[in-house]
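Subject: Structure for your review

Dear colleague,

Please find below the structure that I am handing over to you, together with its sequence. My notes on it follow directly after.

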Amino acid sequence: MLEVTGLTVAYGKHVALDHASLSVEKGKMVAILGANGAGKSSLLGAIGGRVAPTSGDITYRGQSLLGVPAHQLVEQGIALVPEGRGIFPALSVEENLRLGAIPSRARENATGRMEDVFTLFPKLAQRRTQLAGTMSGGEQQMVAIGRALMSNPDLLLLDEPSLGLAPIVVKEVFAALSRIRSTGLTVLVVEQNARATLELADYAYLMEVGRISGSGPASQIKTDPAVIRAFLGGALAQTE
């Protein structure tokens with residue numbers, strides 16, 4: 001479904017992403033794991049049309065995405081939930097969600113899709129008229145994910161969905177991701193919380209200093225001694 005080949009992203013002289021390659025199969029959840037500064041967000045930003053690659057290619061269903069504006073990517077079925085959420089704080093929960101249904105592909109059955117979002121995140125149903133800016137960080141993350149789902153995506157890109165959230169809220173977000181995964185939606189998620197992510201993902205890529213340093217089925221990655229030492233040592237304490 002998605003193929004990234006030799007992708008490089010540079011900001012001036014700083015190379016944030018160095019010839020990264022990965023693939024995402026339809027219906028799978030794929031994780032990109034790594035520490036701060038590893039290049040994860042640059043990779044996802046390039047796929048989502050927010051960052052211009054220096055070289056390499058990104059193809060989606062056989063068509064190159066290079067140079068395609070972000071709003072057109074949404075029309076093609078790609079929805080990005082960026083780090084920092086990017087919600088509209090002066091609008092209500094429901095108004096934020098309705099903005100997600102603006103693309104032409106999302107207009108049919110938008111009401112039914114909103115009810116699906118409220119089922120996924122019951123807290124949002126209870127607070128549908130509340131201004132999004134007055135909500136907690138975890139609730140705002142739910143709004144951001146819900147708005148992306150309102151666009152009727154075929155591929156959901158998630159950039160650090162648990163970043164900065166309290167442990168109890170992190171569990172809620174990952175429970176929602178589990179339910180999203182069960183629907184068969186294709187998901188590519190960037191996360192530092194490696195242990196919780198590997199419990200959900202089908203496949204994982206490991207990133208270090210801008211490069212893909214390893215990959216494999218999540219079930220194997222999470223039991224690899226080298227991966228445990230490098231990526232899971234801190235995650236264990238974080239999720240317990």
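Ser-162 is buried, since its relative accessible area is 6%, under the 20% that serves as the limit for that class. The residue lies in the loop that runs between strand E7 (155-159) and helix H7 (167-182). Apart from its neighbours within four places in sequence, Ser-162 has contacts with Val-170, Phe-174, Glu-191 and Asn-193. Please bear in mind that this is a predicted model.

As to confidence, the chain has a mean pLDDT of 89, and 96% of its residues reach 70 or more. Residues 234-240 call for caution: pLDDT stays under 50 there, and the model has 9 contacts beyond four places in sequence for this stretch.

Helix H7 also holds Glu-172. With a relative accessibility of 27%, Glu-172 is classed as partly exposed, because that class lies between 20% and 50%. Setting aside neighbours within four places in sequence, Glu-172 is in contact with Lys-123 and Met-142. Glu-172 and Met-142 are 30 residues apart along the chain, and their C-alpha atoms are separated by 9.3 Å.

Two helices are largely enclosed by the rest of the structure, H6 and H1. In H6 (residues 137-150), 13 of the 14 residues are buried, which is why the helix is described in this way. The length of H6 is also as expected: at 1.5 Å a residue, its 14 residues should span 20 Å, and its end C-alpha atoms are indeed 20 Å apart. Just after H6 comes Asn-152, which takes a positive phi of about 60°.

For H1 (residues 40-47), 7 of the 8 residues are buried, so this helix is likewise largely enclosed by the rest of the structure. The buried residues are Lys-40, Ser-42, Leu-43, Leu-44, Gly-45, Ala-46 and Ile-47. Gly-49 follows H1 and has a positive phi, near 80°.

Finally, the surface. Phe-88, Leu-99 and Ile-102 make a nonpolar surface patch of about 260 Å². Of these, Phe-88 is placed in the loop between strand E6 (78-81) and helix H3 (93-99). The relative accessible area of Phe-88 is 43%, so the residue counts as partly exposed; this value also satisfies the requirement of over 30% for residues that make up a patch.

With kind regards

Note on methods: Residues numbered from 1 in each chain as written. Predicted model: local features only at pLDDT ≥ 70, side-chain atom pairs only at ≥ 80, totals over all residues. Heavy atoms only, no water. pLDDT = per-residue confidence, 0-100. Contact = heavy atoms within 4.5 Å. Helix = DSSP H or I, 4+ residues; strand = E, 2+ residues; numbered from the N terminus. Expected span 1.5 Å × (residues − 1). Buried < 20%, exposed > 50% of the residue type's maximum accessible area, 1.4 Å probe, protein only. Patch = residues over 30% accessible without salt bridge, like charges linked within 9 Å, V, L, I, M, F, W, Y side chains within 5 Å. Areas by Shrake-Rupley, 256 points an atom, 1.4 Å probe, with all protein chains shown as cover. Salt bridge = Lys/Arg side-chain N within 4 Å of Asp/Glu carboxyl O.
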